Amino acid sequence: MADLQALANAVIKGNQAESVRLTKEALGEGIGPKQVLEDGLIAGMGVVGVRFKANEVYIPEVLISARAMKMAMEVLEPKLAAAGVAPLAKALVGTVQGDLHDIGKNLVVMMLKGAGFHVEDIGVDVKPDVFVEKIKASNAQIVGLSALLTTTMPAMDKTIAAIRQAGLDCKIMIGGAPVTQIYASKIGADGYAADAASAVDVAKSFLN
Ligand code: B1M
């Protein structure tokens, strides 16, 4: 009998083979893909997020768990689509113009995916008009901007202005080492997250 707690534990431990095996086993036994996702994979990544925030695990462990989740998702995704299971929301995440740092942004992408969001990663050095174009194309409800340089923080301001100017109906969250809640409020962002796990909390708060 498939054990979704064991699947969650496999994700927590970052055990790719076991995550894939248990996902296949659960589906094979007729457990619905939504339940496998929520009680297995998302439950596991949720624990990783809580431990990361509490400094009980660090970036390498998060990356390893996210990799295990990704492998299992490859098995699960077609079944979710066939069952008509919708993601929590569509999110689009990028590093702003002039900035090439992407390690933190990639973590945010992984944690959001791990929490059940559909995420489009539009890369680094993204110009404001490209954000606008991609949001229009994807209908993303949540947009995440990352910046690691004090010199690229103003690009966040410009990007938010361009998104608002285009009249797009989306919530915008920002983050990155030099960014603060004070700055987020100043430039009109809807939310700020200090780390990748908190980015999930902020994204979920936008859903209410
Ligand atoms: Co750069 N760099 N770098 N660098 N680099 C810093 C950021 C710096 C602090 C180093 C230093 O001087 N001590 C400094 C910035 C100083 C400043 O602006 N105040 C700096 C500089 C100056 C530069 C260059 C200008 C150096 C040069 O060429 N003279 C240059 C700029 C290039 C450019 O972007 N145009 C540059 C280049 C690079 C590399 C390419 C070599 C490389 C980036 C590789 C890559 O990302 N693929 C690099 C790196 C690795 C760093 C350090 C060492 C590490 C950054 C990192 O990945 N941290 C960094 C010094 C440091 O932090 N110790 C430094 C780990 C990552 C997980 O953390 O990105 O903060 P972080 O993400 C966190 C949170 O911030 C948050 O969640 C993440 C995880 O919890 N978060 C979000 C991030 N984005 C978020 C978005 C959200 C929410 C939360 O919502 C959407």
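A residue counts as buried when its relative accessible area is under 20%. By that cut-off Thr-23, at 0% relative accessibility, is buried. The model described here is predicted. The points below cover the surroundings of the ligand, helix H7, some buried residues in other parts of the chain, and two residues with a positive phi.

**Around the ligand**

- The ligand is surrounded by 26 residues, and the closest of them are Leu-100, His-101, Asp-102, Ser-146 and Thr-150.
- By type, the shell around the ligand holds 15 nonpolar residues, eight polar ones and three charged ones.
- The side chain of Asp-102 places an N or O atom 2.7 Å from a nitrogen atom of the ligand.
- Thr-150 takes part through its backbone, where a polar atom is 2.9 Å from an oxygen atom of the ligand.
- Ala-177 also has a backbone N or O atom 3.2 Å from an oxygen atom of the ligand.
- Two or more residues of the shell come from each of helix H5 (103-114), strand E3 (142-146) and strand E4 (171-175).
- H5 gives the most to this shell, namely four residues.

**Ser-146, beside the ligand**

- Ser-146, one of the closest residues to the ligand, belongs to strand E3.
- With a relative accessibility of 9%, Ser-146 counts as buried, because the cut-off is 20%.
- Setting aside residues up to four places away in sequence, Ser-146 touches Gly-94, Thr-95, Val-96, Lys-105, Met-156 and Gly-175.
- One of these partners, Met-156, is also among the buried residues of helix H7.

**Helix H7**

- Helix H7 covers residues 153-165, and its 13 residues should span 18 Å at 1.5 Å a residue.
- The C-alpha atoms at the two ends of H7 are 19 Å apart, which agrees with that expected span.
- The buried residues in H7 are Met-153, Ala-155, Met-156, Thr-159, Ile-160 and Ile-163.
- Viewed down the axis of H7, the buried residues lie within an arc of 140 degrees, so they line one face of the helix.
- An α-helix has 3.6 residues a turn, so residues three or four places apart point the same way.
- Lys-158 and Gln-165 are exposed on the other side of H7.
- The cover over the buried residues of H7 includes helix H6 (128-138), E3, E4 and helix H8 (181-186).
- Gly-167, just after H7, has a positive phi of about 70 degrees.

**Buried residues in the first part of the chain**

- Ala-2 sits in the segment before helix H1 (4-13).
- Ala-2 counts as buried because its relative accessibility is 10%, where the cut-off is 20%.
- Beyond its neighbours within four places in sequence, Ala-2 is in contact with Glu-25, Ala-26, Glu-29 and Ile-31.
- Ala-2 and Leu-76 are separated by 74 residues in sequence, and their C-alpha atoms are 15 Å apart in space.
- Thr-23, the buried residue named at the start, is part of helix H2 (residues 16-28).
- Apart from neighbours within four places in sequence, the contacts of Thr-23 are with Leu-7, Val-36, Leu-41, Ala-72, Val-75 and Leu-76.

**Phe-206 in helix H9**

- Phe-206 is found in helix H9, residues 196-207.
- Its relative accessibility of 14% means that Phe-206 counts as buried.
- Not counting neighbours within four places in sequence, Phe-206 is in contact with Ile-142, Lys-171, Ile-172, Met-173, Asp-190 and Gly-191.
- From Phe-206 to Val-130 the separation is 76 residues in sequence and 23 Å in space, C-alpha to C-alpha.

**Positive phi outside glycine**

- Most residues other than glycine have a negative phi.
- Asn-55 has a positive phi, near 60 degrees, and is not a glycine.
- The loop that holds Asn-55 runs between helix H3 (33-53) and helix H4 (59-82).
- Asn-55 counts as exposed, because its relative accessibility is 52% and the cut-off for exposed is over 50%.
- Asp-125, also a residue other than glycine, has a positive phi near 55 degrees.
- The loop between strand E2 (118-121) and H6 is where Asp-125 lies.
- At 37% relative accessibility, Asp-125 counts as partly exposed.

Note on methods:
Residues are numbered from 1 along each chain as its sequence is written. This is a predicted model: local features need pLDDT of at least 70, side-chain atom pairs count only at pLDDT 80 or more; totals for chains, interfaces and linings use all residues. Side-chain values use heavy atoms; hydrogens and water are left out. A residue is near a molecule or strand if one of its heavy atoms lies within 4 Å of it. A polar contact is a pair of N or O atoms within 3.5 Å; within protein, one must be able to donate a hydrogen and the other to accept it, and residues adjacent in sequence count only if both atoms are side-chain atoms. Ala, Val, Leu, Ile, Met, Phe, Trp, Tyr, Cys and Pro count as nonpolar, Asp, Glu, Lys and Arg as charged, and the others, Gly among them, as polar. The expected span of a helix is 1.5 Å times one less than its number of residues. Buried means under 20% relative accessible area, exposed over 50%, partly exposed in between (1.4 Å probe, protein chains only). The arc is that of the directions from the helix axis to the C-beta atoms. Contact means heavy atoms within 4.5 Å.
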